[in-house]
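Here are my notes on the model, set out as numbered points. Please read them with the coordinates open.

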Amino acid sequence: MFDVLIIGGGVSGMSCALVLGSAQNKSFMSNKKIGIFTHQKSSSLQEALFNNAYGISPGTLGSELLKQSNIHLATVYPHITQIPEEKVLKIEGDYPEFKVFTNKNSYTTRNLVVGIGSANTFAIEGLMHFVEPHKKALPEKQRIQLRNTDHKVSEGIYVIGTLAGWRSQLAIAAGSGAAVATDILTLWNDNIPTHAHDSIR
């Protein structure tokens, strides 16, 4: 049983995983099991070039960032389980126990974070009734989002990145993932607002 499973290995998903990972030494994190489906083939970063992203060298390719993020997460926060090459097909259940079915396996989790982009090819059974037109995309692009309030779709289900209704800037997607990570940390900290920062002090 996972405490949280993140669906999507793009910017928002990896950002969420990194922030959750960075809280590993907090007392309320003991025995918390975190996993991320790192399927990245359909990520919009595969074709991206970055010249305007804070902290990223101009000319960096999105495909390079995807590779680096997997290595970064595995190296710095190895306690987070990376699940590669699996595509989520269906979700069943209600909080606090969801069952997640992929093309290869099934998993159980208490919380879900969904961040797999806003393409209208979205087809995760069990979440389709939350789909609505993307509120910040051009209608002709036919983008979708999951209905949510401050990233929360329903109890135990969160959405991040463009699928949450945000625009497709890297900084926005990263911030969206980080925001949900801190919401989950707060939940685990008995609803006392919290976050994780590393410091050289």
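1. Leaving aside neighbours within four places in sequence, Tyr77 is in contact with Leu18, Gly21, Ser22, Gln24, His72 and Asp198 (contact means heavy atoms within 4.5 Å). Tyr77 sits in the loop between α2 and β5; helices (H or I, at least four residues) and strands (E, at least two) are DSSP runs, numbered from the N terminus. At 8% relative accessibility Tyr77 counts as buried, where buried means under 20% relative accessible area, exposed over 50% and partly exposed in between, with a 1.4 Å probe and protein chains only. The C-alpha atoms of Tyr77 and Arg147 are separated by 31 Å, the two residues being 70 apart along the chain.

2. On the source: this is a predicted model, in which local features need pLDDT of at least 70 and side-chain atom pairs count only at pLDDT 80 or more, while totals for chains, interfaces and linings use all residues. Residues are numbered from 1 along each chain as its sequence is written, and side-chain values use heavy atoms, with hydrogens and water left out.

3. The open sheet has six strands in the order β5-β2-β1-β9-β13-β12, and the pairing is mixed; two strands pair if DSSP finds at least two bridges between them. At the edges are β5 (81-83) and β12 (152-154), each of which pairs on one side only. From one strand to the next the twist averages 20 degrees. Axes are lines fitted to C-alpha atoms, for helices over the stretch in contact, and angles run from 0 to 180 degrees between N-to-C directions.

4. Strand β1 (residues 4-7) runs parallel to β9 (residues 112-114), to which three bridges join it. In this pairing Leu5 stands opposite Leu112 and Ile6 stands opposite Val113. β1 also pairs with β2 in the parallel sense, over four bridges, and there Ile6 stands opposite Ile36. Which residues of β1 lie on each side, and are they buried or exposed? Val4 and Ile6 are on one side, Leu5 and Ile7 on the other, and all are buried, so both faces of β1 are covered. In a regular strand the side chains alternate between the two faces of the sheet.

5. Helix α1 (residues 11-22) lies across β1, β2 (34-37), β5 and β9, at about 155 degrees to β1. β1, α1 and β2 form a right-handed β-α-β unit, right-handed meaning that, with the strands pointing away from the viewer, the path from the first strand over the helix to the second runs clockwise. Helix α3 (residues 170-188) lies across β1, β2, β9 and β13 (157-159), and its angle to β13 is about 155 degrees.

6. Why is α1 described as largely enclosed by the rest of the structure? Because 12 of its 12 residues are buried. The buried residues of α1 pack against β1, β2, α2 (62-76), β5, β9 and α3. One of them is Ser15, with a relative accessible area of 12%. Ser15 is in contact with Ala174, Gly177 and Ala178, leaving aside its neighbours within four places in sequence. The length of α1 agrees with expectation: at 1.5 Å a residue its 12 residues should span 16 Å, and its end C-alpha atoms are 16 Å apart (the expected span is 1.5 Å times one less than the number of residues).

7. The largest nonpolar core has 25 residues, of which Cys16, Leu20, Leu73, Val113, Ile184, Leu185 and Trp188 touch the most other members. A nonpolar core is a set of buried Ala, Val, Leu, Ile, Met, Phe, Trp, Tyr and Cys residues joined through side-chain atoms within 4.5 Å. At least two residues come from each of β1, α1, β2 and α3, with α1 giving the largest share, six residues. A second, separate core of 23 residues includes Tyr107, Val114, Val159 and Leu163.

8. Outside neighbours within four places in sequence, the contacts of Val113 are Val4, Leu5, Ile6, Ile7, Cys16, Tyr158, Ile160, Val180 and Ile184.

9. Strands β7 (residues 97-102) and β8 run antiparallel and are joined by four bridges, with a hairpin of three residues between them. Val100 stands opposite Tyr107 in β8. Along β8 (residues 106-109) the side chains alternate: Tyr107 and Thr109 point to one face and are buried, whereas Ser106 and Thr108 point to the other and are not.
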